[in-house]
Amino acid sequence: MVEIDVEEENKEIVRRYRQLLRNAKPFLKENDSRAIRKAFNTALEAHSGTRRKSGEPYIFHPIAVARICVNEIGLGTTSIISALLHDVVEDTDWTIKEIERDFGKKIARIIDGLTKISGVFDQGSSQQAENFRKMLLTLSEDVRVILVKLADRLHNMRTLESMPVNKQYKIASETIFLYAPLAHRLGLYSIKSEMEDLYLRYTEPQVYDDLVSRIAANKEARNKFIKSFVRPIQRNLNDLDLDYVIKGRPKSVFSIYNKMKKQDIPFEEVYDLFAIRIILDVPIEDEKAASWQVYSTVTDYYKPNPDRLRDWISTPKTNGYESLHTTVMARNGQWVEVQIRTRRMDEIAEKGYAAHWKYKESDAGSEGLEQWITKVRDMLEQNDSSALEFVDDFRGNLFSDEVFAFTPKGELKTLPRGASALDFAFDIHTEVGAKCIGAKVNQKLVPINYTLKNGDQVEILTSNKQKPNEDWLRYVVTSKAKAKIKDGLKEDKKHIVDDGKELIQRKFKQFKVDSTVETLEKFKAYFNLNSLFDLYFRAGKGLIENDDFRRFKEYKPPNTLKTRPSTKISDAKSFEKEVVKVKSDDVLLIGEDMDVIDYTLSKCCNPIPGDNVFGFVTVTEGIKIHRTTCPNAPELLANHGHRVVKAKWASLHESSFLASMKIIGTDRVGLINDITKIISDELKVNMRSMSIDTDSGIFEGEIMLYVNDTRHLDLLTTKLEAVDGVVKVSRLESK
């Protein structure tokens, strides 16, 4: 046991607190430091004797969160006090009323928004989603609750190392699923990038370490290239007598990884590993002219890619981001992204929403952010769906890409990329959307599902006879349109749902099935439906027949977890109490005690021994094993973290697991024969299926085969890549 030097610890607490005050000093007003001191003393006393998983005193965490609020987001006294107290109500005996008494209503409201909901949740609901919705409800009163939460989450991600692996997956997935997109939407680019990088570090440590070392390895060459690239630009900018700074900004690890994955290319083929950023210090009224002057200078020396010009100065993004981006060809044939912006724009790009307060009236981008926050507030007021549906809708609002379209009178409308003419109609007004029969885009008639393009001028056509129908939900992407269409459909659906509910109760009685909440959840899962509302609606429409009820009564889910008959397993904690060991040759150890128990390998990602995996307690099918890189993992872990259990491969037996491979190359006679020889004869691997497609001398093949583990798969990949004509072999994510 490590001996704790209490005196040294206390000195360290005081040192960190003083550092926080030094950081905050430039904007502290009279009595602010006294209020911060009071909050610090309250937190210190409330968390006294409590330690984090790392063994550090708990008070280190609120101080660190407060420092992130000051240094990295640019927030003031209210946020510092809220950050210092953010865990007091949740983790100690303090109540919101006591916070309000000592620190006022404003602080109490923020703390309440940051305090998780406690208690029992219905089966099928999600505590994480409920907490996220609760936090967002305070957005309508004070956006700082979100900003403090992002600071809290960033520090938790920075200190994730001391948490158990299954908690790391849960917290990291929740971050990539909700908090990183939210940081992006609020314009906090550096926080968003760090969250994404840390997500990768904990879910795919080998990939992360490999990319970090590769980026570090070419740092010297990169710096040399940047110096030679900017030299002619600097000479010209000096002649123009502009006050500027030029920075070479490396691309984040996660964005490199994402590009490699999306475009299916190796690290060496990611050409834009960094961007050149030119930051000007000019008066606000000269910003636009100076930025285009610099653009002209850059393109005098380097040829620009006309498809890669992005002007977010004339039309800022809705999160307030302003910058001029162009991609130019360097002398060595390499594409380089150049970002041109002013110091004001750069501060807004780094500190997002908080930086808008500093510039207020002069800030051109804040209008878009305010509009987005107004939209979120409207959505919160309208939304009567479940927390999970709400989170899904909200994420739909966190688009990074946008499309700009105009009304017939020239009013600019900003919508998420992929928005349709119907989205545009609902954005104008609910009544216009509900009666929309089509649109004229650039004077041409188009259907309601027409996808908008930048610069489209849209005139909506309406009819009093029109009303929303079920298909409309497939044509829209905005939360407002979805919510309004659902509202319109609900009235029509209500009597069908009532009939369906009555029918199911009657049929359960007829087939002697217990009509409990658990049975209904299983019946819902049997049809693979999202909600009981969908189940009742299906029954009311006459789509569930007697045979369905009969089959459901006899249905036994495969590999169901063996438990005592009276036990209901709904989450990881109840599972850990009810584990029954089975005699098996399985090689997967599950749960805190690493027991050998029954499980099913999920079909969405086909895990094999050697993969990083986690167990997920399902409602009807026991434990399902997913790869941590499974496409569905972030959503499962973010919304249902309480159902996640540890899982890891203990040893590698000679068992076969299905894996999918993709092979790309140049076609030649005998190529398929060479590939199958390696698979079947040399490595004795069984194939389940193989499909090859050739086009103009290029072939692309997909092979499903049985392997023992990841090492076996790696060996197979290496051997196949050595075949003459084969260019690339990769494992498919899912099949």
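The paragraphs below go through this structure, beginning with the whole chain and then turning to a pair of helices and several single residues.

The model is a predicted one, and its single protein chain is best approached through a few overall values. The secondary structure of the protein chain comes to 30 helices and 20 strands, and of its 735 residues, 49% are buried. The accessible surface of the protein chain is about 36,700 Å², and carbon and sulfur atoms hold 47% of that area. If one takes the contacts in the protein chain between residues with a separation of 6 or more, 66% of them join residues that are 24 or more positions apart.

A pair of helices shows how such elements can pack. Helix 24, which covers residues 517-526, packs against helix 25, which covers residues 532-540, at an angle of about 70°, and their axes are 10 Å apart. Since an angle from 65 to 115 degrees counts as roughly perpendicular, helix 24 and helix 25 are therefore described as roughly perpendicular to each other. On the side of helix 24, the residues that meet helix 25 are L520, E521, F523 and K524, while helix 25 contributes L532, L535 and Y536. Sorted by class, this contact of helix 24 with helix 25 has five nonpolar and two charged residues, with no polar ones. A general property of helices is useful when looking at such lists: an α-helix has 3.6 residues a turn, so residues three or four places apart point the same way.

Helix 25 can also be viewed through its buried residues, which are L535, Y536, F537 and A539. The cover over these buried residues of helix 25 includes helix 24 and also helix 23, which runs over 479-510. Just after helix 25 comes G542, which takes a positive phi of about 80°.

Which residues does R153 touch, once those up to four places away in sequence are not counted? R153 is found in helix 9, residues 144-158, and the residues it touches are I171, E174, T175, Y179 and M195. With T175 there is also a polar contact of 3.1 Å between the two side chains. The relative accessible area of R153 is 7%, and because a value under 20% counts as buried, R153 is buried.

A second buried residue, S420, is found in a loop, the one between strand 8 (412-416) and helix 20 (421-428). The relative accessibility of S420 is 1%, which means that S420 counts as buried. Leaving aside its neighbours within four places in sequence, S420 is in contact with I448, N449, Y450, T451, L452, Y475 and V476.

The last two residues are linked by their backbone angle. Most residues other than glycine have a negative phi, which is useful to know before looking at D241 and N606. D241 is not a glycine, although its phi is positive, at about 60°, and N606, also a residue other than glycine, has a positive phi near 45°. D241 lies in the loop between helix 13 (219-239) and strand 1 (244-250), whereas N606 lies in the loop between strand 13 (600-601) and strand 14 (613-617).

Are D241 and N606 buried or exposed? D241 has a relative accessible area of 69%, and because a value over 50% counts as exposed, D241 is exposed. N606, at 15% relative accessibility, counts as buried.

Technical notes. Residues numbered from 1 in each chain as written. Heavy atoms only, no water. Helix = DSSP H or I, 4+ residues; strand = E, 2+ residues; numbered from the N terminus. Buried < 20%, exposed > 50% of the residue type's maximum accessible area, 1.4 Å probe, protein only. Contact = heavy atoms within 4.5 Å. Areas by Shrake-Rupley, 256 points an atom, 1.4 Å probe, with all protein chains shown as cover. Axes fitted to C-alpha atoms, helices over the stretch in contact; angles between N-to-C directions. Parallel < 35°, antiparallel > 145°, perpendicular 65-115°, else oblique. Nonpolar A, V, L, I, M, F, W, Y, C, P; charged D, E, K, R; others polar. Polar contact = N/O pair within 3.5 Å; in protein donor to acceptor, adjacent residues only side chain to side chain.
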